[in-house]
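Trainee: Got a minute to look at a structure with me? I have a few quick questions.
Mentor: Sure, put it up and ask away.

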Amino acid sequence: MSVFYHEGGLKLRQKVRAVITNAAGEFLLVRPHGYREEEWTLVGGGVENGETAHQAMRREIAEELGVVLEDTLEELPIENRFIYSADYKAKRALDHDGQYATMFLVCLPIGVPLTLQTEEIADARWFSKIGAGLAFPVKKQREIFEDCIAVLAA
């Protein structure tokens with residue numbers, strides 16, 4: 001069961017997303033089923049009942065990539081919050097108003113083997129910083145990624 005965050009009369013689904021990098025300065029993005037060939041996104045998903053955001057992020061990485069994280073997760077000070085339009089909410093018959101995602105930084109070793117969750121993930125690929133920024137299909141996703149990168153560079 002999903003966890004929700006209530007803010008100003010809105011019901012937001014709690015999510016987690018990971019900016020995954022390696023020592024070569026590459027960024028790992030995934031292409032979920034339903035995305036076009038050139039559209040990619042960050043690993044992540046919903047927080048489930050009884051989980052912390054940290055636990056949910058570890059679970060999502062293990063499920064989607066087959067990688068068990070040993071190191072501490074670094075939470076990024078970036079707000080990833082968006083509200084659905086009334087049309088989108090009605091069309092999908094959603095019981096919540098939007099999403100609020102906690103952002104994390106995850107560093108994986110170069111060459112780490114990935115075992116993709118085939119039910120959800122069609123592909124995963126390492127990108128340069130510029131390539132990753134261009135791979136997001138939605139402007140808001142690009143902006144969140146760029147905000148996270150700016151924090152890492154500071």
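Trainee: How many disulfides are there?
Mentor: Zero. Bear in mind that this is a predicted model. The sulfur closest to that of Cys 107 belongs to Cys 148, and it is 13 Å away, whereas a disulfide needs the two sulfurs within 2.5 Å.

Trainee: Is Cys 148 buried or exposed?
Mentor: Buried, with a relative accessible area of 0%.

Trainee: OK, new topic. Which residues touch the most other members of the largest nonpolar core?
Mentor: Ile 20, Met 57, Ile 61, Leu 65 and Val 106, out of 20 residues in that core.

Trainee: And which element gives the most to this core?
Mentor: Helix H1 (53-65), with four residues. Strands E2, E3, E6 and E7 each supply at least two.

Trainee: What does Met 57 touch further along the sequence?
Mentor: Leaving out residues up to four places away, its contacts include Val 16, Val 43, Leu 73 and Phe 104. There is also a second, separate core of 17 residues, with Trp 40 and Ile 144 among them.

Trainee: What about pockets? What volume does the largest pocket have?
Mentor: About 850 Å³. It is lined by 35 residues, and Arg 17, Tyr 35, Phe 82, Gln 99 and Gln 141 lie nearest its centre.

Trainee: How does that lining split by class?
Mentor: It has 16 nonpolar, nine polar and 10 charged residues.

Trainee: And how much space lies in the second largest pocket?
Mentor: About 170 Å³. Val 106 and Cys 107 are among the residues closest to its centre, and strand E6 gives the most to its lining, with three residues.

Notes:
Residues are numbered from 1 along each chain as its sequence is written. This is a predicted model: local features need pLDDT of at least 70, side-chain atom pairs count only at pLDDT 80 or more; totals for chains, interfaces and linings use all residues. Side-chain values use heavy atoms; hydrogens and water are left out. Buried means under 20% relative accessible area, exposed over 50%, partly exposed in between (1.4 Å probe, protein chains only). A nonpolar core is a set of buried Ala, Val, Leu, Ile, Met, Phe, Trp, Tyr and Cys residues joined through side-chain atoms within 4.5 Å. Contact means heavy atoms within 4.5 Å. On a 1 Å grid over the protein atoms alone, a cavity is a set of points where a 1.4 Å probe fits but cannot get out, and a pocket is an open set with protein on both sides within 12 Å along at least five of seven lines; lining residues have an atom within 4 Å of a point. Grid points are joined across faces, edges and corners, and a volume is the space filled by probe spheres set on the points. Ala, Val, Leu, Ile, Met, Phe, Trp, Tyr, Cys and Pro count as nonpolar, Asp, Glu, Lys and Arg as charged, and the others, Gly among them, as polar.
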